[in-house]
Amino acid sequence: MNRLAMLGLAAACSVGAAQAGQEPAEYLEVGPELRDCVGVGPQKCMQVRPFGSQEWQHFYGAIEGFTHEEGRTYLLRVKTEKIDNPPADAPSIRWILERVVSEKESVARMLEPFPAPEPGHVRWAIDLPALPDEDDHKIELLPGKWMMVDCNRHWAGAVIEQRSLQGWGYSYYVMQDVGQVASTMMACPGQEKTNRFIPVGSMPELQRYNSRLPIVFYAPEEVELQYRVWRAAGDAKPAEKQ
């Protein structure tokens with residue numbers, strides 16, 4: 001058993017919990033795959049990372065009360081207990097599940113009901129990581145394309161439709177009828193053109209942050225989809241009567 005790795009993971013979880021404002025709770029993400037690893041001997045390890053971390057790590061032991069199902073991603077709230085005088089090559093930390101905060105299938109499985117893109121189009125899918133406070137977050141969709149442009153502001157119009165996936169209750173977006181690029185008409189003396197991301201079409205409202213379902217967006221091949229995460233700042237404030 002890799003005892004140092006387990007101790008480091010426990011410390012990282014505690015740091016991540018404090019950064020998320022949830023101390024003393026600890027949050028742990030569990031990936032969809034089991035991978036080969038070597039503890040006392042060859043074995044299969046869950047892939048985990050402290051909440052907010054970008055790097056996956058092998059998890060050599062077990063989490064009491066939790067059963068991992070391959071193909072599903074989890075956000076867990078866990079607690080740890082130190083084991084006094086553990087046997088050699090045995091874990092020195094006991095991991096205990098408090099609750100499953102979020103659980104979802106892999107993106108590939110979730111996309112199976114959605115239609116394939118039409119010729120000349122691509123399908124974009126935004127797979128959001130689970131958060132303990134998803135109601136405080138929103139997603140801004142930013143479709144566009146890269147172009148060599150001058151100092152003026154450039155954009156292109158497009159029709160974006162929201163459609164329902166029949167029989168599933170899910171929705172997705174389809175971009176059509178991309179127009180010509182327009183721009184302001186300022187002079188740009190002595191300035192070379194630069195490669196910039198030009199907005200194409202516009203989404204009228206922010207999207208709900210929902211880590212359980214991907215945001216699915218179909219667009220012409222020349223269009224790329226980017227997104228921005230918005231988070232509510234502080235508590236709600238009362239308005240004043242006038």
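Which residue in S2 is the bridge partner of Leu 34?

1. The partner is Met 46 in S2. This residue pair belongs to an antiparallel pairing in which S1 and strand S2 (residues 42-50) are joined over 8 bridges. The two strands form a hairpin, and 3 residues lie between them. The model is a predicted one, and its local features are limited to residues with pLDDT of at least 70.

2. Overall content. The protein chain contains 2 helices and 16 strands. Of its 242 residues, 35% are buried. Among the contacts with a separation of 6 or more, 69% are between residues 24 or more positions apart. The exposed area of the protein chain is about 14700 Å², of which carbon and sulfur atoms supply 49%.

3. The six-stranded sheet. S1 and S2 are members of an open sheet of 6 strands, with the order S3-S2-S1-S5-S6-S4 and mixed pairing. Strand S3 (57-59) and strand S4 (63-64) are at the edges; each has a single partner strand, so one side of each has no neighbour in the sheet.

4. The S1-S5 pairing. Strand S1 (residues 26-38) is antiparallel to strand S5 (residues 72-82), and the two are paired over 5 bridges. Two residue pairs can be checked in the model. Glu 26 is opposite Val 78 in S5, and Leu 28 has Leu 76 in S5 as its bridge partner.

5. The S5-S6 pairing. S5 is also joined to strand S6 (residues 93-105), by 11 bridges, and these two strands run antiparallel. One pair to inspect here is Lys 79, which stands opposite Ile 96 in S6.

6. Ser 102. Is Ser 102 buried or exposed? Ser 102, a residue of strand S6, has a relative accessible area of 4% and counts as buried, because the cut-off for buried is under 20%. Neighbours within four places in sequence aside, its contacts are Thr 73, Tyr 74, Leu 75, Ala 130, Ser 211 and Arg 212. The C-alpha atoms of Ser 102 and Tyr 74 are 5.6 Å apart, although 28 residues separate the two along the chain.

7. Ser 106. This residue is in the loop between S6 and helix H2 (107-110). Ser 106 has a relative accessible area of 19% and is therefore buried, the limit being under 20%. A reader who relies on the label should take the value with it. From the C-alpha atom of Ser 106 to that of Asp 127 is 9.2 Å, with the two residues 21 apart along the chain.

8. The largest pocket. Which residues lie nearest the centre of the largest pocket? They are Ser 171, Asn 210, Leu 213, Pro 214 and Ile 215, out of 14 lining residues. Strand S11 (170-176), strand S14 (207-208) and strand S15 (215-220) are the elements that give two or more residues to this lining. S11 contributes the most, with 4 residues. By class, the lining has 8 nonpolar residues, 5 polar and 1 charged. The volume of the largest pocket is about 310 Å³.

9. Asp 177. Most residues other than glycine have a negative phi. Asp 177 is not a glycine, yet its phi is positive, about 55°. The residue is in the loop between S11 and strand S12 (181-183). Asp 177 has a relative accessibility of 62% and counts as exposed, because the cut-off for exposed is over 50%.

10. Points to check in the model. For the sheet, the places to look are the edge strands S3 and S4 and the hairpin of S1 and S2. For single residues, they are Ser 102, with its contacts to residues including Thr 73 and Arg 212, and Asp 177, with its positive phi.

Notes
Residues are numbered from 1 along each chain as its sequence is written. This is a predicted model: local features need pLDDT of at least 70, side-chain atom pairs count only at pLDDT 80 or more; totals for chains, interfaces and linings use all residues. Side-chain values use heavy atoms; hydrogens and water are left out. Buried means under 20% relative accessible area, exposed over 50%, partly exposed in between (1.4 Å probe, protein chains only). Contact means heavy atoms within 4.5 Å. Accessible areas come from the Shrake-Rupley method with a 1.4 Å probe; for residues, only the protein chains shown count as cover. Two strands pair if DSSP finds at least two bridges between them. On a 1 Å grid over the protein atoms alone, a cavity is a set of points where a 1.4 Å probe fits but cannot get out, and a pocket is an open set with protein on both sides within 12 Å along at least five of seven lines; lining residues have an atom within 4 Å of a point. Grid points are joined across faces, edges and corners, and a volume is the space filled by probe spheres set on the points. Ala, Val, Leu, Ile, Met, Phe, Trp, Tyr, Cys and Pro count as nonpolar, Asp, Glu, Lys and Arg as charged, and the others, Gly among them, as polar.
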